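Here are a few friendly notes on the aromatic side chains, for you to read alongside the model.

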Amino acid sequence: MNALANHPFAKMNGVGNEIVVLDVRASAAPVGADEARAIASAVPYDQLMVLQKPRLQGTASFIRIFNNDGSEAGACGNGMRCVARQMFAATGERGLTFETRAGLLNAWQGPSPELFTVDMGAPKFGWQDIPLAEEFRDTRYIELQVGPIDAPILHSPSVVSMGNPHAIFWVDDIHAYDLEKFGPLLENHPIFPERANITLAHIVDRDRIEMRTWERGAGLTKACGSAACATAVAAARLKRANRTVTMVLPGGELVIEWREKDDHVLMTGAAEFEYEGQFDPALFTSVA
């Protein structure tokens, strides 16, 4: 029988970003792409947050993050807030450090009981760091477009890495485009060797930005925390927004601060618990 049979999990969401939190620190049950896809077939999610035994002293857990197609992500801000909520409730702590593929992330209780803050680290702007398939000296805009050359539908996105690649297209109306159609094409464009998260963003004013995201490996989502961070940073780089902004996503709002003293990006928002369950053993019958 698969080690995940009857294993408990928590279904949560971060401003609509569907999250499953799976704690295997005690059982050391193996979780890979096959298990991630099997879980998604029964408990639909955008990201699966797998808590494993800590590898580094001073960290609460090493966290692997899976998209619902079984691919791994380096970062998931909404998922980290969900993890923080669960861990704070279990330990009584108000601040913890986690290790992810994107590096160390600190999380702490936000300004009110229902809010949590995650330090997403410093953004990266170099074309090799994002990464892009070819050199662009200025990643505030790159040459990429959808549609005819003389009348493109979307063009000139900003690109940023927040532990995963992001492309942000600046538009007047985020609902005027068929993101479900364009998202997969742009996610898999050859310019992005590791695929990319695709965001449509509208700057309402210097303190408020509306956005929608097609998430790499997950599809159209109500919220993508790392995309909110990338969009806020990209807007500030273009001097079109302040370094602290409210991001308006389909699932709710996040406050993003691009801190001047160390370039780190802080994300504050809600994390909601939905229910606990156990995995049906039948889910894993075809998993090797």
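**Notes on the aromatic rings**

1. Let me begin with Phe125, which is partly exposed because its relative accessible area is 22%, above the 20% under which a residue counts as buried. Please bear in mind throughout that this is a predicted model.

2. The ring count gives five aromatic pairs. One of them joins Phe9 and Tyr275: the ring centres are 6.2 Å apart and the planes meet at 80 degrees, so the pair is edge-to-face. Phe9 belongs to strand β1 (residues 8-14) and Tyr275 to strand β19 (residues 272-278), so that distant parts of the chain, 266 residues apart, are linked.

3. The two partners differ in exposure: Phe9 counts as buried at 8% relative accessibility, while Tyr275 is partly exposed at 37%.

4. Back to Phe125, whose ring pairs with that of Trp258: with centres 6.1 Å apart and planes at 70 degrees, this pair is edge-to-face. Here too distant parts of the chain are linked, as Phe125 lies in the loop between β8 (115-119) and β9 (145-146) and Trp258 in strand β17 (residues 252-258), 133 residues apart. Trp258 counts as buried, with 9% relative accessibility.

5. Do look at the arginines as well. The charged end of Arg237 sits over the ring of Phe125, 3.9 Å from the ring centre. Arg243 lies over the face of Trp258, at 4.1 Å from the centre of that ring.

6. Which residues do ring pairs link into a cluster? They are Phe9, Tyr275, Phe279 and Phe284.

Definitions and conventions
Residues numbered from 1 in each chain as written. Heavy atoms only, no water. Phe/Tyr/Trp six-rings, centres within 6.5 Å; stacked < 30°, edge-to-face > 60°. Helix = DSSP H or I, 4+ residues; strand = E, 2+ residues; numbered from the N terminus. Buried < 20%, exposed > 50% of the residue type's maximum accessible area, 1.4 Å probe, protein only. Lys NZ or Arg CZ within 6 Å of the ring centre and 35° of its normal.
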